[in-house]
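Trainee: I have a new model open and would like to understand the words people use for it. Could you go through some with me?

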Amino acid sequence: MIFCRKCLLPETYPGIKFSEKGICNVCNTYQKKWNDNNFEAEKKELEKIVQRLNDSGKPVLVTLSGGMDSAYAAYLAAGVYKLNVIGANFDNGFVTETAKRNLRKITEKLQIPITYIRTDRKALYKLYRAFLLRTGDFCTPCCQGCCCAGFSVAEDKGINTIIHGGVSGSRVEFNVLGMLRHHYERFMKYAGDFSSRELKGIVSHPDTISQFELISLPRYVEWREDDILETVKRELDWEPLSDGETRHVDCSVSQVSDYLLARKFGYSKRWMTISANIRAGHVSLEKGLKSILEEETKVLEEPAEISELLDSLGVSRKELEELPFYCTEPAIYHLEKADITEV
Ligand SMILES: [Zn+2]
């Protein structure tokens, strides 16, 4: 098995191609797009946007999960850019107590009022169940729901601009080459038999989305995990999970999601994130390789939370094991033996 000599993505990654030098097409595209790799142009553009939003005097909406990325986006928007921020949170049915505390701290420290959107729980679990059984992965309804919560609160309050900490399209984008696309058409492909009542508050039509100005802060500012973590801890008293885990503190079954993804594709979302951070120069190849080997080994162990997920969704262990999706050999078995030389 071949791995990109720059970012370590495996050759089993959908759509990946390698140059003669062994560099993947994601890295080559990255090089062309972010060649100078300084943030001066983006910084100026963002300054203009912030000026315009401040001059307008209108509030902006920030979508918040209680995780570190959205907490950092809220801190920048309200604490640094001094925008008038209203928050929106989607209750995905698996919100951790840590995330709830983090959200309360955001309200207290940044004076951001948050509207919590809770949709029909039964319909939501039925959707997760349908996605799990039909695709092997259950995250799509939540990804849609988080966006939809932002749009519905913004619409309700007459807000036009939505600011978020989603990394799509930024230097640290991990969901590359069309992998894990959570767009409307894909959603409806698997949820087409659900009623509009069941989908209320979960999915937004592209026509609704196009009415809003969406600002992804990671496209404009450097999005380094260690800096973000240090800032949100210092400024917001933001908490990781009790075991020290700092990623996806907002969802009690996120480890199950990554475990199933690794079984489906042979590598996890965590691997994709580390590759993105190597590509962006935030982590060295050597350190990234070590992290992937360490963390991927953990991901492949079945997490205890799998019972919570299966019970909530009414899926039996037998049903899960009989699904046709989980048949890929873990790429890490080959990475351990691979000869990776830096280029
Ligand atoms: Zn690469």
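Mentor: Happily; here are a few residues and the terms that go with them. This is a predicted model, where local features need pLDDT of at least 70 and side-chain atom pairs count only at pLDDT 80 or more, while totals for chains, interfaces and linings use all residues. Residues are numbered from 1 along each chain as its sequence is written.

Trainee: Why is L8 called buried?

Mentor: A residue is buried if 20 or more other C-beta atoms lie within 10 Å of its own, exposed if 12 or fewer, and partly exposed in between, with C-beta atoms placed from the backbone. L8 has 24 such neighbours inside 10 Å, so L8 counts as buried.

Trainee: What makes Q111 exposed?

Mentor: Q111 has 11 other C-beta atoms within 10 Å, so it is exposed.

Trainee: What is notable about phi of L8 and phi of Q111?

Mentor: Most residues other than glycine have a negative phi. Phi of L8 is near 70°, a positive value, and phi of Q111 is near 55°, also positive.

Trainee: Is K6 buried or exposed?

Mentor: Its 23 other C-beta atoms within 10 Å make K6 buried.

Trainee: Which residues is K6 in contact with, leaving aside neighbours within four places in sequence?

Mentor: Contact means that two C-beta atoms, placed from the backbone, lie within 7 Å. By that rule, K6 is in contact with I23, C27, R279 and V343. Also, the C-alpha atoms of K6 and S284 are separated by 9.5 Å, with their positions 278 residues apart along the chain.
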